[in-house]
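Please look over the chain shown below. The report that follows covers its fold, its surface and its charged pairs.

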Amino acid sequence: MGLEDIYQNNVNKNPINRAGISSGIPATRERDPQVVKLEQDVFAKMRSAIPQPKKEEVSNPVDNIQLVGLEQALKELLNGVESLDDKS
């Protein structure tokens with residue numbers, strides 16, 4: 001008698017979900033109403049303890065935007081920036 005014969009004779013080949021007490025149906029349970037109320041109260045207190053984010057004010061769009069080229073932008077930056085090694 002080989003291992004294959006032992007397996008064929010001794011192993012149950014029924015699907016797992018058909019064997020067992022619940023027959024594949026999940027068990028439901030009723031929750032205690034006091035526990036449910038306590039849970040709701042705790043979550044309500046947690047929500048009230050967390051500060052609500054303030055709404056940011058939207059700034060008015062700027063109407064006087066002037067488009068400049070790369071060269072002009074670099075010139076304006078160079079004119080407005082002082083040298084880092086300037087000792088005066």
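## Helices, surface and charged pairs

Of the 88 residues in the protein chain, 0% are buried. The model is a predicted one. The accessible surface of the protein chain comes to about 9,900 Å². Carbon and sulfur atoms account for 56% of that surface.

**Fold and confidence**

The protein chain has three helices and zero strands. Read from the N terminus, the order of elements is α-α-α. Helix 1 spans residues 3–10. Helix 2 covers 33–49, and helix 3 covers 70–80.

How confident is the predictor, as an average pLDDT for the protein chain? The average is 75, and 72% of the residues score at least 70. Among the elements, helix 2 has the highest mean pLDDT, at 91. Helix 1 has the lowest, at 76. Where pLDDT is low, the predicted coordinates should not be read in detail.

**Salt bridges**

How many salt bridges does the structure hold? There are two. Side chains of opposite charge can pair when their charged atoms come close. Both pairs are listed here.

| Side chains | N to O distance |
|---|---|
| E39 and R31 | 2.9 Å |
| K37 and D41 | 3.1 Å |

K37 and D41 both belong to helix 2. They sit four residues apart, which is about one turn of the helix.

Are the partners buried or exposed, or in between? E39 has 35% relative accessibility, so E39 counts as partly exposed. Its partner R31 is also partly exposed, because its relative accessible area is 46%. D41, from the other pair, has a relative accessible area of 35% and is therefore partly exposed.

**A nonpolar patch**

Which residues form a nonpolar patch on the surface? They are L38, V42, F43 and M46. Together they offer about 390 Å² of accessible area. V42 is found in helix 2, the element with the highest mean pLDDT. Why is V42 classed as partly exposed? Its relative accessibility is 40%, and the partly exposed class runs between the 20% and 50% cut-offs.

**V68 in the loop**

Where does V68 lie? V68 is in the loop between helix 2 and helix 3. Its relative accessibility is 43%, so V68 counts as partly exposed. Which residues does V68 contact, leaving aside neighbours within four places in sequence? They are A73 and E76. Both numbers fall within the 70–80 range of helix 3.

**In brief**

The protein chain is built from three helices, with 0% of its residues buried. Helix 2 holds K37 and D41, which form a salt bridge. Helix 2 also holds V42, one of the residues in the nonpolar patch.

How values were computed:
Residues are numbered from 1 along each chain as its sequence is written. This is a predicted model: local features need pLDDT of at least 70, side-chain atom pairs count only at pLDDT 80 or more; totals for chains, interfaces and linings use all residues. Side-chain values use heavy atoms; hydrogens and water are left out. Helices (H or I, at least four residues) and strands (E, at least two) are DSSP runs, numbered from the N terminus. Buried means under 20% relative accessible area, exposed over 50%, partly exposed in between (1.4 Å probe, protein chains only). Contact means heavy atoms within 4.5 Å. Accessible areas come from the Shrake-Rupley method with a 1.4 Å probe; for residues, only the protein chains shown count as cover. Patches are made of residues with over 30% relative accessible area and no salt bridge: like charges are joined within 9 Å, nonpolar side chains (Val, Leu, Ile, Met, Phe, Trp, Tyr) within 5 Å. A salt bridge is a side-chain nitrogen of Lys or Arg within 4 Å of a carboxyl oxygen of Asp or Glu. pLDDT is the predictor's confidence in each residue, from 0 to 100.
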